[in-house]
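This report introduces a protein structure to a reader who has not met it before. Please keep the sequence and the model in view while reading.

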Amino acid sequence: MPLLGGVRPPIAALLCALLAVAAFTALGLGTVHEQDVPQALRDAERRIAEDAADSVGTAIDTRAAAVRHAAASDAPAGSRTPAALLRSLLPTGHPAGGGVLLDPHTGRPLATSGETVPLTGVDVPALMRSGSAKIAPRLVLSSRGEPRLLLFARVAAPAPGAKQDENNDQTGDQTGDLRADRNDEENELLLVVSEKLAAPAVYGVGRTGQLVDRDGKVLATAVTPGTAPAIRTDHRALPAAATNAATAANAGPHTGDVSGSVVGDGHDGLRGVTGWASVAAADGKGDTSGLGLTVLTLREVPPAKEGADHTWFALVAAGGLVLIAVLVTLVLWGGMQRALLRLHLSAARLARAAGHIPMAGEELARPVPVVAFGELGRVGRALESIRRQLLGETGPKPVRPVRHRPGVRALVLVCALVIAAWGMPLLFLLNRVPVAEAVPQATVADQQARTEAAADRVRRSLGRSCTDLAAAASALSGAPRERATEVLRRAHADHPTFRSLYVVDRTGAIVLRVGKQPLRTLDHAPSGEGIAQVNTSGPIPAIAAYAQVPAARKAKDAQGARDTKDTGDAAPAVVVAEIGVNALNSLVARDGLGSVWLTDERHRVLAASVGFQAFQALPHRGLTRLVARTEAAPGSTGTPAAAVLRAGAAPGDGPSVAAAAPLAQKGPIAGLGWRVVSAEPAAALKLAAFQLQARTMLAGLLALSVGIACLGWLHIVVVRPLRAVTRCAEQLAGGDRRTVLYPVHHDECGSVTRSLELLRQALVDRDRGGGSAYVATVPAPSFQRGGPPQQ
């Protein structure tokens with residue numbers, strides 16, 4: 001009967017697995033090389049460019065939406081002329097360079113404001129006939145060759161009324177009142193706003209940011225404070241990066257990368273690292289998708305010191321494991337496999353001899369070879385005793401208690417210890433570098449720069465909330481309740497970050513609300529506008545933006561007087577927008593920045609990119625001390641800080657690179673004392689030291705795993721059954737004829753058990769026959785549990 005499984009598969013699997021781990025050690029550790037510019041710095045520069053591109057894209061989308069929102073708003077009274085209408089659409093303080101209202105049929109300017117709007121190449125009738133509610137912005141050049149961003153919006157002209165006094169005609173406009181004989185389509189005008197392109201917001205000393213078009217032409221440049229003038233903005237890598245970015249952006253969001261980084265040539269002992277990112281939205285939609293803008297960031301860093309070559313260590317470690325694999329295999333083969341196979345053959349020979357087959361006497365005359373080691377030796381000696389009993393030379397002898405001596409289990413344990421002697425140092429000791437030395441200072445600075453960018457993203461969002469809320473508050477001035485409700489509904493729909501929008505009177509009572517029920521309202525009606533932290537405890541942080549409603553204007557007509565009486569004297573005092581925590585969570589979350597938290601002035605968490613409980617403390621004291629370093633003297637907002645910490649954001653993360661930055665340096669948000677804190681596990685950085693450490697630990701872990709798995713397999717299928725067979729053989733040799741032996745497995749131990757059962761039956765028949773040494777042929781017992789062998 002063929003043997004299935006047994007001792008050979010685990011030993012063979014152990015040899016193959018250890019050789020595979022040795023190959024991984026040689027290739028995995030030998031291919032780790034120190035780079036003059038680590039991959040971590042390249043990735044960080046790429047992500048910094050992505051942050052800057054996201055800031056530029058958000059600013060453009062916000063301005064385009066603001067222009068469309070202003071165009072869609074109801075025109076105020078007294079704006080029946082194009083000039084007055086344009087002034088209402090471009091309020092004082094608007095950052096636009098110029099604005100113009102165009103006739104939809106001829107493209108002729110009806111009113112202008114500010115600088116001349118460059119309209120070369122703009123087909124106004126075609127744009128108006130397109131039927132699209134949103135007209136995408138365009139990038140053009142002014143008459144002086146300066147880049148300008150054109151924002152478009154459809155404007156519904158006010159219904160014609162009584163003719164104005166000619167003295168009220170503004171700015172010498174020659175068109176007079178809008179003609180009453182036009183239909184609705186003819187009363188729709190085109191608003192074009194020209195704006196300068198703002199330079200991308202970049203952070204980090206020594207970094208330069210550039211905004212380029214699809215041809216690689218620089219449109220705007222930003223230099224961070226402290227950057228040396230010697231940094232070359234015409235780096236040779238910039239045109240290539242711009243071309244690659246523009247090609248990827250123009251090809252579509254799903255056909256290529258939209259960000260990357262390149263390393264330039266050396267210059268005065270420095271290497272330039274350039275990151276690039278497309279301003280276009282990732283989904284190919286939005287106002288920036290067709291502009292072909294790209295943000296480039298450049299920073300020159302000192303090359304890393306050339307580290308040691310790890311090839312020699314990899315070869316030595318792999319060679320040592322190969323030697324251990326061969327040694328362990330030879331020990332297991334000689335001490336277990338070979339002896340067990342010989343025992344299996346000897347037991348089968350005695351079982352055949354006990355069945356009166358031809359040449360049985362010669363078979364029984366041959367002694368059983370006995371090895372002097374553990375259970376295998378004990379089984380061999382028991383078989384030899386049974387052979388002598390079959391020949392009638394001796395009788396059963398009582399089994400002596402066996403002292404605890406090394407056996408096959410000790411052999412397996414020794415092999416495991418030998419493998420562990422190779423794997424444990426790799427897992428816990430070798431190739432360990434202090435984190436403070438392994439992390440370049442430039443990487444710490446990049447973490448701080450990205451944290452500042454995250455703070456800027458939150459600050460801009462809160463600032464836009466205040467600005468838009470102030471505009472809504474102005475629209476509420478003197479408006480009747482129905483009109484005020486509509487203003488609030490429109491503001492709530494335009495701002496997904498607003499969880500609730502409500503108005504409180506001077507006593508703090510809510511007089512009008514849209515959206516969800518506020519988590520907690522303001523205790524009193526504040527003055528001015530700003531951001532407030534409403535609660536300091538509870539399950540959800542309550543954060544609100546507020547703006548004072550201006551006093552209602554006196555109206556001349558009777559209906560206007562009644563409206564003023566109804567809404568002016570008892571006018572609501574403050575409009576409040578409760579900002580949802582989920583919106584803040586999405587603002588601080590950023591790929592490659594690790595765990596990010598938004599904390600209040602007491603260093604308690606208000607929002608985070610990871611799960612958190614409201615107002616909980618930061619994960620460990622290292623982060624709290626880092627945040628304390630950003631604080632300064634009373635009246636100032638402090639400065640950003642970064643450091644390498646021994647603990648990460650969660651238990652077991654290990655060392656991390658952390659940074660903290662104040663949310664705002666000035667303005668109403670600065671008084672909140674909020675901070676943005678980030679922590680990235682050092683092991684996640686693509687640095688050669690951490691890669692070598694991770695692969696070294698992985699090699700040790702693999703060796704331990706395969707050693708435990710294969711030796712455990714060997715213990716289950718060989719050692720444990722062999723110990724049971726040893727007890728059965730010794731009991732049979734000692735005179736136990738009643739215990740029936742049942743083979744369980746089709747392997748060597750099962751074969752020995754089957755042979756012992758045949759020998760037991762032979763001894764029973766011999767005892768019944770009065771001492772005959774040979775018995776009739778005994779059929780093989782069934783390999784089944786739970787029943788006696790079939791006779």
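## A strand residue and its surroundings

Val 576 has its place in strand S15, which covers residues 574-579. Strands (E, at least two residues) and helices (H or I, at least four) are DSSP runs, numbered from the N terminus. The structure is a predicted model, in which local features need pLDDT of at least 70, side-chain atom pairs count only at pLDDT 80 or more, and totals for chains, interfaces and linings use all residues. Residues are numbered from 1 along each chain as its sequence is written, and side-chain values use heavy atoms, with hydrogens and water left out.

With a relative accessible area of 1%, Val 576 is buried. Buried means under 20% relative accessible area, exposed means over 50%, and partly exposed lies in between (1.4 Å probe, protein chains only). Leaving aside neighbours within four places in sequence, Val 576 is in contact with Leu 469, Ser 500, Leu 501, Tyr 502, Val 504, Leu 522, Ala 544, Ala 545 and Tyr 546. Contact here means heavy atoms within 4.5 Å. One of these partners, Leu 522, is 54 residues from Val 576 in sequence, and the two C-alpha atoms are 8.6 Å apart.

## The protein as a whole

The protein contains 17 helices and 20 strands. It has 791 residues, of which 48% count as buried. How much area does the protein expose? The value is about 38100 Å², and carbon and sulfur atoms supply 55% of it. Accessible areas come from the Shrake-Rupley method with a 1.4 Å probe; for residues, only the protein chains shown count as cover. Among contacts between residues at least 6 apart in sequence, 68% join residues at least 24 apart.

## Buried residues and distant partners

The table lists pairs of residues with their separation along the chain and in space.

| Residue | Partner | Apart in sequence | C-alpha to C-alpha distance |
|---|---|---|---|
| Ala 442 | Leu 41 | 401 residues | 7.3 Å |
| Ala 688 | Ala 40 | 648 residues | 9.3 Å |
| Leu 197 | Ile 60 | 137 residues | 9.0 Å |

Ala 442 is found in helix H11, residues 441-476, and is buried at a relative accessible area of 12%. Not counting residues up to four places away in sequence, Ala 442 touches Leu 41, Arg 299 and Val 301.

Leu 197 lies in the loop between strand S5 (188-196) and strand S6 (207-212). This loop residue is buried, with a relative accessible area of 13%. Apart from neighbours within four places in sequence, Leu 197 is in contact with Leu 139, Pro 147, Leu 149, Leu 211, Leu 219 and Ala 220.

Ala 688 lies in helix H16 and counts as buried at 12% relative accessibility. Not counting residues up to four places away in sequence, Ala 688 touches Val 32, His 33 and Glu 34.

## Helices H1, H16 and H8

Two packed helices are described by the angle between their axes and the distance between the axes. The axes of helix H1 (residues 8-30) and helix H16 (residues 688-733) come within 9 Å and cross at roughly 180°. H1 is therefore roughly antiparallel to H16. Angles over 145 degrees count as roughly antiparallel, under 35 as roughly parallel, 65 to 115 as roughly perpendicular and the rest as oblique. Axes are lines fitted to C-alpha atoms, for helices over the stretch in contact, and angles run from 0 to 180 degrees between N-to-C directions. By class, the contact of H1 with H16 has 21 nonpolar, four polar and one charged residues. Ala, Val, Leu, Ile, Met, Phe, Trp, Tyr, Cys and Pro count as nonpolar, Asp, Glu, Lys and Arg as charged, and the others, Gly among them, as polar.

Helix H8 (residues 374-391) has 18 residues and should span 26 Å at 1.5 Å a residue; its end C-alpha atoms are 26 Å apart, which agrees. The expected span is 1.5 Å times one less than the number of residues. In H8, 14 of the 18 residues are buried, so the helix is largely enclosed by the rest of the structure. Gly 392 follows H8 and has a positive phi, near 80°.

## Positive phi outside glycine

Asn 431 is not a glycine, yet its phi is positive, about 60°. This residue is in the loop between helix H9 (408-428) and helix H10 (435-438). Phe 615, also a residue other than glycine, has a positive phi near 65°. Phe 615 is found in the loop between strand S17 (605-608) and helix H15 (621-629), and is buried with a relative accessible area of 10%.
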